[in-house]
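Grab a pencil and have the structure open next to you. Below are a few short exercises, each with a solution worked out step by step.

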Amino acid sequence: MGIVKVPRDHCNMVLAAMAVTTHACKSQCSIRVRHVSGTIKKCQQSTIRTARELIISWYERQQLVGDSNLPHMLKESQAQISALEL
């Protein structure tokens, strides 16, 4: 997961380039754009929310196996969101 900062004038070109990217550093990859915003702060908040969703999804799968660290992970991500909202 990451954030790419580009000038507004180049946004469509970068989105198109990412959509057709199939390899990075000689490894296969696919890039999914989850959010486009005018500010880094909003992108960070969206990235953290997406990470929380992935953590919850992971936890639901892990419940079948045994114990998990979910409460700690959710508390940490909530603290990160709160820090960005100041």
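**Exercise 1.** Find where Cys-25 sits in this predicted model, and work out whether Cys-25 is buried or exposed.

*Solution.* Start with the location: Cys-25 lies in the loop between strand E1 (23–24) and E2. Next, check the backbone: Cys-25 is not a glycine, yet its phi is positive, at about 55°. Last comes accessibility. The cut-off for exposed is over 50% relative accessible area. Cys-25 has 78%, so it is exposed.

**Exercise 2.** Do the same for Lys-26: where is it, and what is the sign of its phi?

*Solution.* Lys-26 is also placed in the loop between E1 and E2. Its phi is positive too, about 65°, and again the residue is not a glycine. As for accessibility, Lys-26 reaches 84%, so it counts as exposed.

**Exercise 3.** Work out how many disulfides there are, starting from the sulfurs of Cys-11 and Cys-43.

*Solution.* First, the rule: two cysteine sulfurs have to be within 2.5 Å. Now take Cys-11: its nearest cysteine sulfur belongs to Cys-43 and is 9.4 Å away. Turn it around and start from Cys-43: the closest cysteine sulfur is the one in Cys-11, and 9.4 Å is too far for a bond. The count of disulfides comes to zero. While you're there, look at accessibility: buried means under 20%, and Cys-43 has 12%, so it counts as buried.

**Exercise 4.** Find the partner of Glu-53 in a salt bridge, then say which parts of the chain the pair links.

*Solution.* The side chain of Glu-53 meets that of Arg-34, at 3.8 Å from N to O. That fits the 4 Å cut-off. Then place the two: Glu-53 is in helix H2 (residues 40–62), while Arg-34 is in the loop between strand E2 (27–28) and H2. They are 19 residues apart, and the pair links distant parts of the chain. The structure holds one salt bridge. With a relative accessible area of 53%, Arg-34 is exposed.

**Exercise 5.** Describe how H2 and helix H3 (residues 70–84) run relative to each other, and what kinds of residues make up their contact.

*Solution.* Begin with the axes, which come within 10 Å and cross at roughly 170°. Angles over 145 degrees count as roughly antiparallel, so that is how H2 runs relative to H3. Next, the residues: H2 brings, among others, Ile-48, Ile-55 and Trp-58, and the H3 side includes Leu-70, Met-73 and Leu-84. Finally, sort the contact by class: ten residues are nonpolar, five polar and three charged.

Conventions: Residues are numbered from 1 along each chain as its sequence is written. This is a predicted model: local features need pLDDT of at least 70, side-chain atom pairs count only at pLDDT 80 or more; totals for chains, interfaces and linings use all residues. Side-chain values use heavy atoms; hydrogens and water are left out. Helices (H or I, at least four residues) and strands (E, at least two) are DSSP runs, numbered from the N terminus. Buried means under 20% relative accessible area, exposed over 50%, partly exposed in between (1.4 Å probe, protein chains only). Axes are lines fitted to C-alpha atoms, for helices over the stretch in contact, and angles run from 0 to 180 degrees between N-to-C directions. Angles under 35 degrees count as roughly parallel, over 145 as roughly antiparallel, 65 to 115 as roughly perpendicular and the rest as oblique. Contact means heavy atoms within 4.5 Å. Ala, Val, Leu, Ile, Met, Phe, Trp, Tyr, Cys and Pro count as nonpolar, Asp, Glu, Lys and Arg as charged, and the others, Gly among them, as polar.
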